[in-house]
Amino acid sequence: MAPPPAALATTARGRGLRPAGAVALLVVLAVLSAAPPAWAEPAVTAEGAVLWEPASDARIVDVDADTARPMASTTKIMTALLALEEADPDELVTVSANAAAIGRTPGAATLRLEEGQELAMERLVAGILLESGNDGAVAIAEHLAGSEEVFVERMNARAVEAGLAATDFRDSSGLNTDPAHAASPADLAELGAVAMADATFAELVGRTSIDDPVLGRLDNRNELLGTYEGATGVKTGFTSLAGFCLVASAERDGRTLFAVVLGSDDSFADSAALLDHGFDTTRLLRVEDDVSLLRYRWADTEVPLVLADGLAETLPAEAEITAEATLDPTLERPAPAGASAGELVVTVDGEDLDAGALHLAAPVDAGGGTNGAGAVGAAVADGLRALARLAPAEVEVD
């Protein structure tokens, strides 16, 4: 289960760091408006679920999210991903007798493929992602690997490569009844993010329908598309063993959240409730590593300062956020771009959240190009600037 709002900040990456220097420059980042008062997690019917923000690697809601469960046709996320990674879109796939027979499984989703039929790979990928055609998944597997068994080995190898420790594929479609064919909600969220990074994949799963000249009308089974604000994907699934399953993604105001539910009674309602909870009660604090936060000044020049590794944290929507920049008051010149110039410490509701090094965004030369009175004046000015760095100053951050 997700932590209460006071503890949410400490569950994200990079917690508990403290400033190393003694000179504080107050940087006011934001004071956020109050979120809806209900912080309780939404009630979901799913046996396993996760609400995950990839930008900060934060689990906003965790319902047994690391436990592997049957995943049904969410399996086809991996099948489609490998097809897009390993094949050309116009590569022709010949349907085998085995693949065609899978399409005649009673009650199972099918593209109604026929033995000997030739179709472009991109057509089959669209068919397995929107209509969840099991025959299409087998046809892809056999084409790419020679047999579905060998293809499954590739699926599991790709899962290992992606760090999906609680995932085990046994077929290319998810139609099987083997309880060992399973994945955790957390793994499926990460797999969804990997797949959505592929532009073709993201474009296909974001379509509500496609009129294909060979396969006919393909209707996306993801009912969140067109009904849930910001829905972008990803893949549905259902078997009697797995129950209703869904990997769902949505984007609002530049934030992307993934909701995964396994073993649900109503996967669309569960996922919408999770996504609403994330968008309504949390926000993403993000500082990119190329954004100038303040400037380090000398008498003859100045250089922007950036947060070396950037910052991304998922926080309660009503949190009061401030930050302190601890600067080196006498940074020596010359200095290269990337030289350490201080540290930024972010606090949430008065407690330290994260700290990161402030670096020069550009190189600075040795200076000292003036002589006599000019040099003395520059030295005095730099001394005064060093003293000025002892005083707090506000900095605007987007």
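This is a short walk through one protein chain, from the overall picture down to single residues.

A word on the source first. The model is predicted.

Let's start with the whole chain. There are ten helices and 19 strands. The chain has 398 residues, and 51% of them count as buried. The accessible surface comes to about 17300 Å². Carbon and sulfur atoms hold 51% of that surface. Now the contacts. Take those with a separation of 6 or more: 66% of them join residues 24 or more positions apart.

Next, the interior. Nonpolar side chains tend to be buried together in soluble globular proteins. Here, the largest nonpolar core has 59 residues. Which residues have the most contacts inside it? They are L129 and F201. Look at F201. Setting aside neighbours within four places in sequence, F201 is in contact with I77, A80, L84, L129, A195, M196 and V234. There is also a second, separate core. That one has 27 residues, including L307, L311, V348 and L358.

On to helix 5, residues 134-145. Helix 5 has twelve residues. From first C-alpha to last it reaches 17 Å, close to the 16 Å expected at 1.5 Å a residue. How many of its residues are buried? Eleven of the twelve, so helix 5 is largely enclosed by the rest of the structure. Among the buried ones are N134, D135, E142 and L144. And what do they pack against? Helix 2, strand 5, helix 3, helix 4 and helix 6. After helix 5 comes G146, with a positive phi near 90 degrees.

One residue of helix 5 deserves a second look: E142, which is buried. Its partner here is S96, in the loop between strand 5 and helix 3. S96 has 22% relative accessibility, so it counts as partly exposed; the cut-off for buried is under 20%. S96 and E142 are 46 residues apart in sequence. In space, their C-alpha atoms are 8.1 Å apart. Not counting residues up to four places away in sequence, S96 touches E115 and E142.

Now helix 6, residues 148-161. Its 14 residues should span 20 Å at 1.5 Å a residue, and the end C-alpha atoms are indeed 20 Å apart. Which residues of helix 6 are buried? E148, F151, V152, M155, R158 and A159. Viewed down the helix axis, they fall within an arc of 120 degrees, so they line one face. The general reason is simple. An α-helix has 3.6 residues a turn, so residues three or four places apart point the same way. On the other side of helix 6, E149, E153, V160 and E161 are exposed. The buried residues pack against helix 2, helix 5 and helix 7. Helix 6 is followed by G163, whose phi is positive, near 80 degrees.

Last stop, the aromatic rings. A ring pair is described by the distance of the centres and the angle of the planes. The count in this chain is two aromatic pairs. One of them is W52 with F258. The centres are 6.1 Å apart, with 45 degrees between the planes, and the pair is tilted. Where do these two residues lie? W52 is in strand 2 and F258 is in strand 12, so the pair ties together parts that are 206 residues apart in sequence. W52 counts as buried, at 10% relative accessibility. F258 is buried as well, with a relative accessible area of 3%.

That's the tour. Thank you.

Methods
Residues are numbered from 1 along each chain as its sequence is written. This is a predicted model: local features need pLDDT of at least 70, side-chain atom pairs count only at pLDDT 80 or more; totals for chains, interfaces and linings use all residues. Side-chain values use heavy atoms; hydrogens and water are left out. Rings of Phe, Tyr and Trp (its six-membered ring) pair if their centres lie within 6.5 Å; planes under 30 degrees apart count as stacked, over 60 as edge-to-face and the rest as tilted. Helices (H or I, at least four residues) and strands (E, at least two) are DSSP runs, numbered from the N terminus. Buried means under 20% relative accessible area, exposed over 50%, partly exposed in between (1.4 Å probe, protein chains only). The expected span of a helix is 1.5 Å times one less than its number of residues. The arc is that of the directions from the helix axis to the C-beta atoms. Contact means heavy atoms within 4.5 Å. A nonpolar core is a set of buried Ala, Val, Leu, Ile, Met, Phe, Trp, Tyr and Cys residues joined through side-chain atoms within 4.5 Å. Accessible areas come from the Shrake-Rupley method with a 1.4 Å probe; for residues, only the protein chains shown count as cover.
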